[in-house]
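Hi there,

Here is the structure I promised to pass on. Have a look at it first, and then read on for what turned up in it.

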Amino acid sequence: MDGSLKARLLEAVDFALAGNWQAAHLIAQDHEGERLANWIHAVVHRMEGDVGNAGYWYGRCGRGAVEQMATDVELRQIRDELTGA
């Protein structure tokens with residue numbers, strides 16, 4: 001993954017953590033097909049309350065839905081993967 005894509009996806013994570021799931025959703029949509037973008041897409045659908053659509057995006061990124069996990073915890077996992085932490 002190139003640096004500019006990582007920067008955009010980190011921006012999406014930051015938007016989502018700040019409660020702006022709509023902005024995060026737009027970035028994720030722009031990078032549909034990238035596993036981490038699809039994961040962000042799943043989380044933001046959970047944030048908006050659309051669990052069915054979230055399930056679709058979890059499938060697209062190869063993960064099972066984790067409805068019991070807080071979205072901020074999951075977003076931090078995505079950030080860690082993007083930053084190599």
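Let me start with one residue, Ile78, which lies in helix 5 (residues 71-83). Helices here are DSSP runs of H or I with at least four residues, numbered from the N terminus. A word on provenance before going further: this is a predicted model, where local features need pLDDT of at least 70, side-chain atom pairs count only at pLDDT 80 or more, and totals for chains, interfaces and linings use all residues. Residues are numbered from 1 along each chain as its sequence is written, and side-chain values use heavy atoms, with hydrogens and water left out.

Back to Ile78. Its relative accessibility is 0%, so Ile78 counts as buried (buried means under 20% relative accessible area, exposed over 50% and partly exposed in between, with a 1.4 Å probe and protein chains only). Leaving out residues up to four places away in sequence, Ile78 touches Val13, Trp39, Ile40 and Val43, where contact means heavy atoms within 4.5 Å. Ile78 and Ile40 are 38 residues apart along the chain, while their C-alpha atoms are separated by 7.6 Å.

Those contacts lead into the core. The largest nonpolar core has 23 residues, and Leu9, Trp39, Ile40, Tyr58 and Ile78 are those with the most contacts inside it. (A nonpolar core is a set of buried Ala, Val, Leu, Ile, Met, Phe, Trp, Tyr and Cys residues joined through side-chain atoms within 4.5 Å.) At least two residues of this core come from each of helix 1, helix 2, helix 3, helix 4 (51-60) and helix 5. Helix 3 supplies the largest share, seven residues. As background, nonpolar side chains tend to be buried together in soluble globular proteins.

Now for the helix pairs. Axes are lines fitted to C-alpha atoms, for helices over the stretch in contact, and angles run from 0 to 180 degrees between N-to-C directions. Angles under 35 degrees count as roughly parallel, over 145 as roughly antiparallel, 65 to 115 as roughly perpendicular and the rest as oblique. A crossing is left-handed if the near helix is turned anticlockwise from the far one by less than a right angle, and right-handed if clockwise.

Helix 1 (residues 3-17) and helix 5 have axes that come within 10 Å and cross at roughly 160 degrees, so the two are roughly antiparallel to each other. Their crossing is left-handed. On the helix 1 side, the contact is made by Lys6, Leu9, Leu10, Val13, Asp14, Ala16 and Leu17, and on the helix 5 side by Asp72, Leu75, Arg76, Ile78, Arg79, Leu82 and Thr83. These residues divide into eight nonpolar, one polar and five charged (Ala, Val, Leu, Ile, Met, Phe, Trp, Tyr, Cys and Pro count as nonpolar, Asp, Glu, Lys and Arg as charged, and the others, Gly among them, as polar).

With helix 3 (35-48), helix 1 packs at an angle of about 15 degrees, the axes being 11 Å apart. Helix 1 and helix 3 are therefore roughly parallel to each other, and their crossing is left-handed. Leu9, Ala12, Val13 and Ala16 of helix 1 meet Leu36, Ala37, Ile40, Val44 and Met47 of helix 3. This contact has nine nonpolar residues, no polar and no charged.

Helix 2 (residues 21-30) packs against helix 3 at about 150 degrees, with axes 9 Å apart, so this pair is roughly antiparallel. The crossing is again left-handed. The contact is made by Trp21, Ala24, His25, Ala28 and Gln29 of helix 2 and by Ala37, Ile40, His41, Val44, His45, Met47 and Glu48 of helix 3. Seven of these residues are nonpolar, four polar and one charged.

Within helix 2, the buried residues are Ala23, Ala24, His25, Ile27 and Ala28, and they pack against helix 1 and helix 3. Leu26 of helix 2, on the other hand, counts as exposed at 51% relative accessibility.

One last residue to look at is Glu81, found in helix 5. Glu81 is partly exposed, with a relative accessible area of 38%. Not counting residues up to four places away in sequence, Glu81 touches Arg35, Leu36 and Trp39. Glu81 and Leu36 are 45 residues apart in sequence and 8.6 Å apart in space, C-alpha to C-alpha.

Best wishes
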